[in-house]
Amino acid sequence: MSIESRRQRRPQRSRLWVVVAALVAAAIVAAASFAVFGGNDEAENPSVAAAHDRTDERGGTLKALSLGPVLSWDPQRIGSRDDAAFAGRIFLRTLTAYQPSTDPRNQSRLVGDLATDTGTPSQDLKSWTFTLRDGVAWEDGSPVTCEDVSYGISRTFATSVITGGSTDALAVLGVAKQPNGGSVYAGPYAGGPYAAAGQAAFDKAVSCRGKTITFTLSSPVSDFNEMVAQPAFAPFKKSADKMGDGTFTVFSNGPYKLSAPWRTSTGGAWVRNPHWSASTDEVRKAYPDRIEYQEGIETQTVAQQIMADGDNSRAAVALGSAPPAIQQHVLTVDALKERSVTAGTGLVDYLVPNYKSPTFAKIEARQALSVATNRAAYVTALGGGATSRPTTSLIPSALPASHTEDPLDAGTGGRAGEAKVLLGKAGLTIPVPIRVAYRSSPVADKAMASLVAGWTEAGFAPTVTPLKDEYFTTISRPEAAGAYDVFWSNWAPVGASASTIFPALFDSSINVSAAGPGRDYGYFNDPKVNAEIARINTISDRVEREDAWAALDVQLQTQGAYIGLAERRALYIAGSDVRNLSANEVIGGVVEFADIAVRQ
């Protein structure tokens with residue numbers, strides 16, 4: 001079934017996305033510890049503001065209010081999806097980018113940004129070529145060159161200096177490895193007798209010829225053109241590089257630049273970059289003259305100030321989701337509801353059966369747990385429809401691979417009778433004891449308790465263990481396989497492709513070792529799935545590739561490799577003078593700054 005066919009079968013609804021994979025797993029985990037947003041069903045408050053609130057008026061000052069903190073504005077150091085989304089619309093351009101759209105179904109459309117198009121792969125997908133646009137300039141008026149792009153990417157290899165951002169370049173570029181697995185290239189700051197050889201190896205993998213840049217990869221990557229939309233693949237002007245001291249240094253090639261040095265815990269003001277040209281940019285409209293980014297303000301305080309709509313907040317937008325009680329108030333007062341948007345964040349909660357557990361050695365037992373899981377109760381415990389949406393799939397609904405197939409007919413409410421039948425087929429004696437580990441918080445405790453009731457009715461005897469400190473580190477230790485039968489987890493993709501989901505979580509060849517399971521916490525190990533992941537990664541046609549990921553997802557659900565629970569959501573509020581308010585679900589469900597405006 002084609003992607004478009006699946007979309008036509010799906011009810012019209014807001015769609016999800018986020019920007020995180022293995023490279024930013026720590027950041028997404030920290031942000032996702034069962035935060036709750038509260039509210040009503042998302043259909044009442046879509047991710048794009050009403051058409052009558054839209055304008056193409058330029059000018060004015062927009063205030064962006066956030067708790068923060070921003071960890072870095074250095075492209076190769078950015079690991080937070082929120083920071084990446086803001087930077088990518090304000091001052092940082094990449095070879096490709098996702099197009100903002102008033103239609104959430106079109107927000108996964110990839111376009112050329114610094115590049116004239118979305119790139120040309122070789123037939124074997126082991127090299128990609130991009131041509132830079134004419135007229136793109138840095139804030140000092142100098143042109144953005146192919147060499148700037150190459151230099152920016154080279155900084156990722158300086159792993160002792162440049163930390164916190166994506167390391168995908170180290171993983172996919174065809175730069176030789178040392179016997180210990182490290183790269184022979186140590187980045188542009190390295191010295192010593194081997195520096196020249198390392199630089200030559202990098203220059204062979206990332207080569208420039210005029211405005212054309214060619215990437216030679218270590219293996220086929222069918223969606224490399226989506227990978228280069230990450231900040232880590234952005235250009236960097238060598239003369240502006242402050243190396244270890246440049247965490248918050250900004251040298252812009254986008255529509256805005258910093259008016260003064262960034263102040264940690266306070267923020268900074270973004271003013272127009274006079275050398276940015278709208279004619280070279282099909283992504284950003286850059287309507288406001290000035291954007292004042294203020295961090296260090298509690299989320300509740302931000303929401304209250306903007307709701308009051310006073311002189312200092314009429315032109316303000318919240319960068320954090322409104323707290324539960326406030327969100328419920330916003331959605332029940334029409335005047336406030338009109339100044340808010342609800343959007344999917346792309347983050348999915350799920351459960352992982354432990355394949356090393358005797359209880360879940362048989363497929364019927366794993367299927368029984370999925371069928372017995374009351375996803376609707378889980379969402380209710382999280383705070384309702386504006387906080388999350390029940391799901392059986394790990395694929396957020398904003399991704400092209402999203403589908404509505406439920407191969408086990410698990411539904412959302414749990415089916416105790418069918419689960420008992422499956423447990424009988426597995427040869428297990430009811431009640432079946434299971435030990436469940438999860439990341440504890442007040443809301444998480446309630447959510448897990450809501451699942452226990454359904455599992456118990458279905459014939460399981462669950463013991464839930466709340467873990468607080470270093471949760472993911474704890475469950476990835478080898479000894480965890482003998483201590484628990486089920487693990488709670490969460491994940492969000494880093495782009496609009498499911499290629500940033502299933503390889504990272506279920507390819508045992510890159511996860512499972514004597515040191516532990518990696519992100520494959522349940523020790524799922526199927527050579528046929530590994531081979532299918534490798535095959536899908538060689539499919540050049542995007543529609544065909546995402547259809548294949550959808551089919552693999554159906555297979556994984558059928559096997560009981562994981563049990564989907566909920567897709568997370570957020571609500572943002574703005575002052576009455578803010579126009580074009582929307583949240584882009586493809587880049588993480590964050591406020592869209594590409595075309596936001598202020599009424600004059």
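Visitor: In which sense, roughly parallel or roughly antiparallel, do α12 and α14 lie to each other?
Guide: The model is a predicted one. Helix α12 (residues 375–382) packs with helix α14 (residues 442–457) at an angle of about 160°, their axes being 8 Å apart. An angle over 145 degrees counts as roughly antiparallel. The relation between α12 and α14 is therefore roughly antiparallel.

Visitor: How many residues of the contact of α12 with α14 are nonpolar?
Guide: On the α12 side the contact is made by A377, Y378, A381 and L382, and on the α14 side by V443, K446, A447, M448, S450 and L451. By class, one residue of this contact is charged and one is polar, and the number that are nonpolar is eight.

Visitor: What is the order of the strands in the open sheet?
Guide: The edge strands are β13 (388–390) and β15 (460–467), each of which pairs on one side only. Strand β12 (residues 340–353) pairs with β16 in the antiparallel sense over six bridges, and with strand β17 (residues 563–573), also in the antiparallel sense, over nine bridges. Strand β14 (residues 432–439) runs parallel to β16 and is joined to it by two bridges. With mixed pairing, the six strands of the open sheet follow the order β13-β17-β12-β16-β14-β15.

Visitor: Which residue stands opposite F487 of β16?
Guide: Strand β16 pairs with β12 in the antiparallel sense, and with β14 in the parallel sense. On the β14 side, V436 stands opposite V486. The residue opposite F487 is V352.

Visitor: Are the residues on both faces of β16 buried or exposed?
Guide: In a regular strand the side chains alternate between the two faces of the sheet. For β16, one side carries V486, W488 and N490, and the other carries F487, S489 and W491. Strand β16 covers residues 486–491, and six of its six residues are buried. Both faces are covered, and the residues on each are buried.

Visitor: Which residue is the bridge partner of D349 in β17?
Guide: The pairing of β12 with β17 is antiparallel and extends over nine bridges. Within β17, the bridge partner of D349 is A566.

Visitor: What angle does the direction of α12 make with that of β17?
Guide: Neighbouring strands of the sheet are turned against each other by 25° on average, direction ignored. Helix α12 packs on this sheet and touches β12, β13, β16 and β17. The angle between the direction of α12 and that of β17 is about 30°.

Conventions
Residues numbered from 1 in each chain as written. Predicted model: local features only at pLDDT ≥ 70, side-chain atom pairs only at ≥ 80, totals over all residues. Heavy atoms only, no water. Buried < 20%, exposed > 50% of the residue type's maximum accessible area, 1.4 Å probe, protein only. Helix = DSSP H or I, 4+ residues; strand = E, 2+ residues; numbered from the N terminus. Pairing = 2+ DSSP bridges. Axes fitted to C-alpha atoms, helices over the stretch in contact; angles between N-to-C directions. Contact = heavy atoms within 4.5 Å. Parallel < 35°, antiparallel > 145°, perpendicular 65-115°, else oblique. Nonpolar A, V, L, I, M, F, W, Y, C, P; charged D, E, K, R; others polar.
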